[in-house]
Every structure is written in C-alpha cells, then in structure tokens.
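Student: I have a new model open on my screen and would like to walk through it with you. Could we start with its pocket and go on from there?

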Amino acid sequence: MAEKEILFYEQNGYNPIGAGWKKYAGGEKTEQVVSGCYTLYYVLSGTGTYAVNHIDYHAAAGDMIVCAPSDSFCCRVNAQDPVEHIWITFTICGKVSNYFAYPCLHTPQLRELFTALQKQIQQETADWYIIHNALQEIGELTGAGSDSDVQIVYDTARYIQNNVCSTDLSIGVLANRISVSRFRLVRAFAKVKNMPPMEFVIRCRLEKACEMIRSRRYSLSEVSQMTGYKNYSTFARVFKKYYDITPKEYRSQCSLPQKER
C-alpha cells in the first residue's frame, strides 16, 4: 500500500485536519474505526466496498463516501481491481452543509478537482487553503441535490448521539424533538441512511458501549446503564446479536496484550 498524508492546524469555517492519498495493493481490508469528525473518500480508480455504520457501499471511480462524526467505517478492496483514493478529514463550524449527511454519492464532476489534489499531496505542496477551498467547492457542486430529509436525519442523529444514555429514544420521542411526524422521520432515515431510526439508535448505543468497554473505566453494568439499557441482560443480548460476542468476551479481548490477540 502506497500513501501520503498531510496534517493541518485548525482554522475557521471548514476546518481541514488532514488529507491524504492511498493506493491499495488489492485484497486488503482496513480495521473498523469510529470517526471523530467528518471524513470523505473519493475513489480515483479501482473498486472497493466502503462500510459506513455496517452498511456496504460498493464504490468505483467517481464515487465519494462520506463519514460523519460517530460513524463507523472500514474498507475492503477488490483483489483484482485495487483502489486508489483521496481522503480529507475535517470539521465544520456552524450549521453543517446538508450534503455531508449522505454516505455515498456518485460525483464524476469532481474528478478533475481530486486529481489535482492527488498531485499536490504526492508532491507535498497541498496546504490548508487549498484543501479548505476544495471543501467549499465540493459543497457547492453537490449541495444542489440536498433536501430536507438530510437535515431531519442530521438533527435526529445529533440528538441521539447527545442523549445515548436515555432509555427513551423511541420514534415518537425523536419525532417530537425535531418537530416532524413519525412517518416523515422513518421515510427520511430510509432515504438517507438506508435503515430505520431505531436501528440507528441501537448502533449508536453499541458503538458507545464498545468505546466505554475499551476505556476500562466502567463495569459492564455501568456501561449498559450509560448506553440506555434498563437492564444488563437486554444489553448483553443485543450486543451478542450484533457482534456475535458477549460484552464480557469483548472486554477480555480488549484486555489482552497486543501480541496475544
């Protein structure tokens, strides 16, 4: 795997944190990570499977994958058709652009922009202003396709992530919090996230639980309570269903020295 990476200090507006170029040898799979900010991946060549929140998106040249804060991500590369992509990690000050809530977009019109970025990154001539301007241009070029469904999902996701410890994150509660009907909420999630709202709630809770277990600061009972489960048995059952491993087994694996895993 060949790669280049450039890191930046934070500024105002769109805040580029880093950018890079990667070319995989083929047949590779990255580890699953949880994004702490926005990250977009633009496929320059090849084909790969980009999993965002455990949903697979099969991407080829001209496709762009976007991970929002708290999204989980991993990438699997086709052995016969290795991937080359550009990535940019950034934060946004103020109201988020609707565009960045879509996990996958076909944007061949951006190829020239990303090809130029690739050359600059490889030559280490790309600076903060170039990446910042690129992000603004991306938002302008793709913003025309956004709609209110994206804002509904964004507002709901923010509420869920900020209240993941609540035991009452029902569709009715979520719909009331953002002032839409239950039907409107369900339709927006189906369109934008390709999953029901309650599925998103479960995934947010479990990803937060995994983070807390890895920190080793809490008991498993505390983790279940702090991620919105009324009792440990329900938490353990759901955890096992999604990860095919119990919370106790997961904690044991996280406690093993690196060489023993």
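Student: Happy to begin! Which residues lie nearest the centre of the largest pocket?

Tutor: Keep in mind that this is a predicted model. The largest pocket has 21 residues in its lining. Those nearest its centre are Gln32, Cys210, Arg214, Tyr250 and Gln253.

Student: Which elements give two or more residues to the lining of the largest pocket?

Tutor: Both strands and helices contribute to this lining. The strands are β3 (33-34) and β8 (72-77). The helices are α6 (197-215), α8 (232-243) and α9 (247-255).

Student: What is the volume of the largest pocket, and how does its lining divide by class?

Tutor: Let me take the classes before the volume. The lining has 10 nonpolar residues, together with four polar and seven charged ones. As for the volume of the largest pocket, the value is about 630 Å³.

Student: Let's look at α6. How far apart are its end C-alpha atoms, and what span should its residues give?

Tutor: Helix α6 has 19 residues, and at 1.5 Å a residue it should span 27 Å. The model agrees with that, because the end C-alpha atoms of α6 are apart by 27 Å.

Student: Which residues of α6 are buried?

Tutor: Buried here means under 20% relative accessible area. In the early part of α6, the buried residues include Pro197, Phe200, Val201, Arg203, Cys204 and Arg205. The others are Leu206, Glu207, Ala209, Cys210, Met212 and Ile213.

Student: Which residue follows α6, and what is its phi?

Tutor: The residue is arginine 216, found in the loop between α6 and α7 (220-226). At 53% relative accessibility, arginine 216 counts as exposed. Arginine 216 is not a glycine, yet its phi is positive, at about 65°.

Student: Where is glutamate 124 found, and what is its phi?

Tutor: Glutamate 124 sits in the loop between α1 (111-122) and α2 (128-142). Its relative accessible area is 55%, so glutamate 124 is exposed. Glutamate 124 is a residue other than glycine with a positive phi, near 60°.

Student: How many salt bridges are there, and which one ties together strands β8 and β6?

Tutor: The count comes to three salt bridges. Arginine 76 lies in strand β8 and aspartate 56 in strand β6, so their pair ties together parts that are 20 residues apart in sequence. Arginine 76 is partly exposed at 30%, and aspartate 56 is also partly exposed, at 38%. The closest N and O atoms of arginine 76 and aspartate 56 are apart by 2.9 Å.

Student: Which salt bridge does arginine 203 form, and is arginine 203 buried or exposed?

Tutor: Arginine 203 meets glutamate 199 in a salt bridge, with N to O at 2.9 Å. Both residues lie in helix α6, four residues apart, about one turn of the helix. With a relative accessibility of 14%, arginine 203 counts as buried.

Student: What about lysine 208: which residue is its salt-bridge partner?

Tutor: The closest N and O atoms of this pair are 3.7 Å apart. The two residues are three apart in helix α6, which means a separation of about one helical turn. Lysine 208 is partly exposed at 31%, and its partner is partly exposed at 43%. That partner is glutamate 211.

Student: Now the strands. What is the order of the open sheet of four strands, and which strands stand at its edges?

Tutor: The order is β3-β8-β5-β6, with antiparallel pairing. Each edge strand has a single partner, so one side of it is left without a neighbour in the sheet. Those edge strands are β3 and β6 (55-60).

Student: How many bridges join β5 to β6, and which residue is the partner of threonine 49?

Tutor: Strand β5 (residues 47-52) runs antiparallel to β6, and six bridges join them. Within β6, the bridge partner of threonine 49 is histidine 58.

Student: Finally, how many residues of β9 are buried, and which of its residues stands opposite tyrosine 38?

Tutor: Strand β9 (residues 84-92) is mostly covered, with eight of its nine residues buried. Strand β4 (residues 38-45) runs antiparallel to β9, joined by seven bridges. Opposite tyrosine 38, in β9, stands phenylalanine 90.

Definitions and conventions: Residues are numbered from 1 along each chain as its sequence is written. This is a predicted model: local features need pLDDT of at least 70, side-chain atom pairs count only at pLDDT 80 or more; totals for chains, interfaces and linings use all residues. Side-chain values use heavy atoms; hydrogens and water are left out. On a 1 Å grid over the protein atoms alone, a cavity is a set of points where a 1.4 Å probe fits but cannot get out, and a pocket is an open set with protein on both sides within 12 Å along at least five of seven lines; lining residues have an atom within 4 Å of a point. Grid points are joined across faces, edges and corners, and a volume is the space filled by probe spheres set on the points. Ala, Val, Leu, Ile, Met, Phe, Trp, Tyr, Cys and Pro count as nonpolar, Asp, Glu, Lys and Arg as charged, and the others, Gly among them, as polar. The expected span of a helix is 1.5 Å times one less than its number of residues. Buried means under 20% relative accessible area, exposed over 50%, partly exposed in between (1.4 Å probe, protein chains only). Two strands pair if DSSP finds at least two bridges between them. A salt bridge is a side-chain nitrogen of Lys or Arg within 4 Å of a carboxyl oxygen of Asp or Glu.
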